[in-house]
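Reader: I should like a close look at one part of this model and at the packing found elsewhere in it. Please set the account out as one connected answer.

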Amino acid sequence: GYKPSFGLLPRTGILKTVDPLDHVGFFTRSVNDLKLLLDALRVKGENYPYVHRYLENEKRQIKENSKPWKVAFVKTYVWDEVEEYTKQSISTFAEELAKTEEITLMDVELPARFEKTHDIHTTIYHKALSYYFKEEYEKYPDKISDVFRSMVEEGKKISLEDYKKNLEKQSVLTTELDDFLSEFDAVITFSTAGEAPLKESYLEEKRDTSLIWTTCRVPSITAPLFKGPRGLPFGVQFVARRYNDYRLLSFLKFLQDRGKIADSPIAASEMRGETTVPFKQKKVTCR
């Protein structure tokens, strides 16, 4: 799964939910396809000055071959909420990377200010939902889930002044994270606290790091490298400075070439020593 830098993929024709947070992302079956899709879908040219300035800048996108990859292992402030098997998996993966000659890996923490990121995201998200979905909330209450209704109702209680203050906080965090990430080629962390919850619960009770990267508009890629107790996948999240998307993709390609991550789900299963069942095509007649 790949969420490019905020604004890299156009949102035209997509249902608007939250202007300051809405990213367009996509899934692929292989690492190599990530770059292929980004090249095909992203905005290009001088009409998009920031994208043009940074994505076409070789110094930002291409690492000097003589230098090792500088990678940060970031646990973040939600580490205590993570499942033990998740902690073990991502820590072991970090140890393996640290042993790689071409990588310099450092265990670092985000500045304390980022501990408020989830609260900032929630305020912006709920307020915007209450605005954009006001008509649906009022006219079709029986067609809205309890969870969505609760978010809209919470959003209605948030004042415009408080909403604007949290947009300012988002801007400050975005700038601060950009400074922090400028020291590294990539960051590794966990993508979720653990396996996906059962359908009946449909809400993840434990926080993960994803909202930090979304709030601060940076690119992130999740590779499903691990399996939990129920056999469900969960993964490593790779993050980079905003607009350093191609450098991040190059890092994943480097890891693939060194056998640290697989190119596809089938290859990942083979790396774990699992038996894969060939996909059988069905013939479907369209009328």
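Author: In this predicted model, threonine 76 has a relative accessibility of 4% and therefore counts as buried, the limit being under 20%. Threonine 76 belongs to the loop that runs between strand E2 (69-74) and helix H4 (84-98). Although threonine 76 is not a glycine, its phi is positive, at about 70 degrees. A positive phi, of about 65 degrees, is also found at arginine 217, again not a glycine. Arginine 217 is placed in the loop between helix H9 (210-215) and strand E5 (220-227).

From these loops the account turns to the nonpolar core. The largest such core holds 68 residues, and those touching the most other members are Phe93, Leu177, Ile188, Phe238, Phe251 and Leu252. Helix H10 (residues 245-257) supplies the largest share of this core, with 7 residues. For leucine 177, once neighbours within four places in sequence are set aside, the contacts are Leu110, Phe114, Trp213, Cys216 and Val218.

The helix packing around H5 can be described next. Helix H5 (residues 117-132) and helix H8 (residues 160-181) have axes that come within 9 Å and cross at roughly 135 degrees. That angle makes H5 oblique to H8, because it falls neither in the range of 65 to 115 degrees nor over 145. The crossing in which H5 passes H8 is left-handed. On the H5 side, the contact is made by Thr117, Ile120, Thr123, Ile124 and Lys127, and on the H8 side by Leu160, Asp162, Tyr163, Asn166, Leu167, Lys169, Gln170 and Leu173. By character, the residues of this contact of H5 with H8 comprise 6 nonpolar, 4 polar and 3 charged.

H5 also packs against helix H7 (residues 146-157), at an angle of about 95 degrees and with the axes 7 Å apart. H5 and H7 are therefore roughly perpendicular to each other, the range for that term being 65 to 115 degrees. H5 contributes Tyr125, His126, Lys127, Leu129 and Ser130 to this contact, while H7 contributes Phe148, Met151, Val152, Glu154, Gly155 and Lys156. The residues of the contact of H5 with H7 divide into 5 nonpolar, 3 polar and 3 charged. Lys127 of H5 takes part in the contact with H8 and in the contact with H7.

Methods. Residues numbered from 1 in each chain as written. Predicted model: local features only at pLDDT ≥ 70, side-chain atom pairs only at ≥ 80, totals over all residues. Heavy atoms only, no water. Axes fitted to C-alpha atoms, helices over the stretch in contact; angles between N-to-C directions. Helix = DSSP H or I, 4+ residues; strand = E, 2+ residues; numbered from the N terminus. Parallel < 35°, antiparallel > 145°, perpendicular 65-115°, else oblique. Left-handed = near helix turned anticlockwise from the far one by under 90°. Contact = heavy atoms within 4.5 Å. Nonpolar A, V, L, I, M, F, W, Y, C, P; charged D, E, K, R; others polar. Core = buried A, V, L, I, M, F, W, Y, C linked by side-chain atoms within 4.5 Å. Buried < 20%, exposed > 50% of the residue type's maximum accessible area, 1.4 Å probe, protein only.
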